[in-house]
Amino acid sequence: MKSFRLTEKEMNKMAERIPTPFLVASLDKVEENYQFMRKHLPSAGVYYAMKANPTPAILKLLASLGSHFDVASAGEMEALAELGIDGSRMIYANPVKDVRGLQAAAVYGVRRFTFDDVTEIGKMAKYVPGADVLVRIQVRNNKALVDLNTKFGAPMEEALDLLEQAEKAGLHAMGICFHVGSQSLSTAAYEEALLLVRNLFDEAEARGMHLTDLDIGGGFPVPDADGLTVDLAAMMEAINRQIDRLFPDTAVWTEPGRYMCGTAVNLVTSVIGTKDRGGTPWYILDEGIYGCFSGIMYDHWTYPLHCFGKGEKKPSVFAGPSCDGIDVLYRDFMAPQLHVGDNLLVTEMGSYTSVSATRFNGFYLAPTVIFEEQPEYAARQSASRDDDAEAAV
Ligand code: PLP
């Protein structure tokens, strides 16, 4: 699966109209990612984890395709409600909920929650009596880039007691959920978790609790990131087989975040300053670690950088525009000589990037434009129609 990528010409043309830095999101690519998941993992419905990228056009598109949404806060519920998306299509999947979030859930009709501690039960029962709850269990996976299981998840042996206590408080014990960690390169982590959860479902039945829903969380990777190739179709199909084998009568859900948008967005940034430091070229860009590159810090990510100059390549340093020494993005990056005003392209910028950008030092947030609304998209479409026509002759 190829990532969305602007050509050099498209990038430069867009930068003539739109001041850098800006992000370009391809809705076609988001749709392709969504449909790919539906095709290869058809036994699980989708709750898109909007924390990865809450761009309204992306939310609207996914809603129109039939997606449901994983929300973490009152703010995310409000954003969806503003787009006309009903609370019945949301799961409040932050295991620890604040009062604002619980009040918003009551207002917008969000009735499905996850939790991993006894202290959540009274809170949920108070604000949304009778809510449907899934207990989140801890799973192990050392092949995930971002570990979520040190902070979240009840120990397996406590899961059913928690569901029983939820029932006693008038909640509806609906099921179990887990998250194998983000950017998981391991299919086995899902397969093993599914096996363990099957035992819990059986034990629950024996205790008189009929669980109907299973949520296998996010974690699906951006393929080919950092030189590590993942066969996503094979991964999803293996998980689907395990679901069909172990949970033929259960409603199964995923919560993909990173996977859905990671490959669908490019950043266009430009060189605003150059320096020579002991023979090493330094390039200062108009976007940095306090902006869309925040994922370098928060998300342990390296974003593919594309430079277009000609000539000999030298190990170079790229830094952001803030007055902070930590704002260095790439070191020893082989780049041709660049000049002030040159545009650069950064691909795979769709998840956990702009959403955690700040306005530190007063720099403006990079806006997101939709590729399909730009003249470069129309030009690309007509060029590919011409190619098709030529091939048909
Ligand atoms: N669901 C929950 C509860 C999460 O906390 C996260 C990420 O933090 C996700 C889904 C999305 O995970 P990913 O981006 O790995 O798909």
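**Cysteines and helix contacts**

Colleague: Which cysteine sulfur is closest to that of Cys 307, and why is there no bond between them?

Modeller: A disulfide here needs two cysteine sulfur atoms within 2.5 Å. Cys 307 misses out because its closest cysteine sulfur is 17 Å away, too far for a bond. That closest sulfur belongs to Cys 292.

This is a predicted model, with local features needing pLDDT of at least 70 and side-chain atom pairs pLDDT 80 or more, while totals for chains, interfaces and linings use all residues. Residues are numbered from 1 along each chain as its sequence is written, and side-chain values use heavy atoms, leaving out hydrogens and water.

Colleague: Is Cys 307 buried or exposed?

Modeller: Buried means under 20% relative accessible area, exposed over 50% and partly exposed in between, with a 1.4 Å probe and protein chains only. Cys 307 has 19% relative accessibility, so Cys 307 counts as buried.

Colleague: How are α1 and α12 oriented to each other, parallel or antiparallel?

Modeller: Helix α1 (residues 8-17) and helix α12 (residues 375-392) pack with axes 10 Å apart, at an angle of about 150°. Angles over 145 degrees count as roughly antiparallel, under 35 as roughly parallel, 65 to 115 as roughly perpendicular and the rest as oblique. So α1 and α12 are roughly antiparallel.

Colleague: And how are α4 and α5 oriented?

Modeller: The axes of helix α4 (residues 74-82) and helix α5 (residues 99-108) come within 8 Å and cross at roughly 25°. The two helices are therefore roughly parallel.

Notes. Axes are lines fitted to C-alpha atoms, for helices over the stretch in contact, and angles run from 0 to 180 degrees between N-to-C directions. Helices (H or I, at least four residues) and strands (E, at least two) are DSSP runs, numbered from the N terminus.
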